[in-house]
Amino acid sequence: MLGIYTACKKIQKNKYSILYLRCIIRAYKKLGVEYNFYHINEMLEPIFDKVLDKDEALLYTNYFGLKQNTVLSLSKQYKNLIVDNAQAFFSSPVKHTDTFYSARKFFGVPDGAYLYTDYPLDKKFPPYVPNLHTKHLVGRLVHTAEMYYNDYKESECAFSNMEIHSMSILSEHILKALDYQQIIQRRRENYMILSHHLNNLNKIKFNISDTDDVPMAYPFWNDKVNLRHSLISQKIFIPKYWQCVFEWTTAQDIETEFTERLYPIPIDQRYKEKEMNYIIDHILE
C-alpha cells in the first residue's frame, strides 16, 4: 500500500529491478538498491512532490485497476515512472513508461506476467514448469477455494525466491483461450451492481461509467465491525491486502486504515448478478 521511490541501481544495460513491496524490498536489499516510501491519500493517490534525479524512479500502483487517470498524470510529471498494473490487467501501458502486469490476479493460471518496456531484453529465460503450483487451481474446480487456501499461499511464497522464468506453456494456452471482451463486460457489470447498492455506505467511490476501467475488485471502505469475518462465514472470501505495511506505518496513517477497513469485494467473471446480490444482502443485513 505504501508507495516506493528508489535510486534505481541499473541492472544489465539499463534494466530496472521492478518487483513489489515485500518482494521488491527483498530484491532491493539483495542488489544494494536504495529505496524510500511515500504515503498515499484517501483517493489512493501519491503524496509526493520530490524532484527525481536521473537515477531515481517512482513506482506507483494502479490500485484495483481504477487509477489509470492518475497513472497518465504521473507519466507527464515523471520521466522515470514505473507502473505496477498487477491489479489492472486491462489498463493500457503508457508510452515510454515501464509497466508490469500479473495474470494470476485475474485468471486461473499458475503463473504468468507481462512486462512493457522500451529497453531491449537481450536475455532469454527458461520457461516455467508449473508442476507444483496447480493444486489449488484444480482443487477449487471441484471443491472450494477455502479448502485450498494454504496451497495457494504456499504457491505464492514459492514465487518470491524464484529466479526469473518465461511464462509456462500451460498459462500461455489458457490465456489465449479466454474471451477477454466477455470478461471485461462481466467485471464491469458486477462492479456497477455493487456500486449502485453500496456507494452510499462506501467512504471511497470510483465511478467507472465514464471510463474504460476494468476493476479487479470493488473497494469497499467501511467501518462496520467484523465485516470481513461475517462475509467469510458466509463463504464470501475477502482478502486482506498490504498487511506488511504495519512494519512501516502507525495507527494514524491512512495505509493502516486501508489495510484494516478497505474490503476488496470480488467481482470476477465467475460471478453474475445473483452472486452480487448475495454479497450485497450480507453486507446490508
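Visitor: Which residue does K203 form a salt bridge with, its closest N and O atoms being 3.2 Å apart?
Guide: That's D223. A salt bridge here is a side-chain nitrogen of Lys or Arg within 4 Å of a carboxyl oxygen of Asp or Glu.

Visitor: Where do the two sit in the chain?
Guide: K203 is in the loop between α6 (180–198) and β8 (217–221), and D223 is in the loop between β8 and α7 (227–233). They're 20 residues apart, so the pair links distant parts of the chain. Helices (H or I, at least four residues) and strands (E, at least two) are DSSP runs, numbered from the N terminus.

Visitor: And what am I looking at, anyway?
Guide: This is a predicted model, where local features need pLDDT of at least 70, side-chain atom pairs count only at pLDDT 80 or more, and totals for chains, interfaces and linings use all residues. Residues are numbered from 1 along each chain as its sequence is written, and side-chain values use heavy atoms, with hydrogens and water left out.

Visitor: Back to K203: which other salt bridge does K203 form, at 3.9 Å?
Guide: One with E257, where 3.9 Å separates the closest N and O atoms. E257 lies in helix α8 (residues 254–261), so this pair ties together parts that are 54 residues apart in sequence. Through shared partners, K203, D223 and E257 join into one network.

Visitor: How exposed is E257?
Guide: Partly exposed, with a relative accessible area of 25%. Buried means under 20% relative accessible area, exposed over 50%, and partly exposed in between (1.4 Å probe, protein chains only). K203 is partly exposed at 43%, and D223 is too, at 42%.

Visitor: How many salt bridges turn up in the whole structure?
Guide: Seven. One of them joins the side chains of K67 and E45, at 3.2 Å from N to O. K67 is in the loop between β4 (56–61) and α2 (68–77) and E45 in the loop between β2 (34–40) and β3 (46–47), so they tie together parts 22 residues apart in sequence.

Visitor: Is K67 buried or exposed?
Guide: Buried, at 5% relative accessible area. E45 is partly exposed, at 28%.

Visitor: New topic: which residues lie nearest the centre of the second largest pocket?
Guide: Q68, N69, T211, D212 and D213, out of 16 lining residues. On a 1 Å grid over the protein atoms alone, a pocket is an open set of points where a 1.4 Å probe fits, with protein on both sides within 12 Å along at least five of seven lines; lining residues have an atom within 4 Å of a point.
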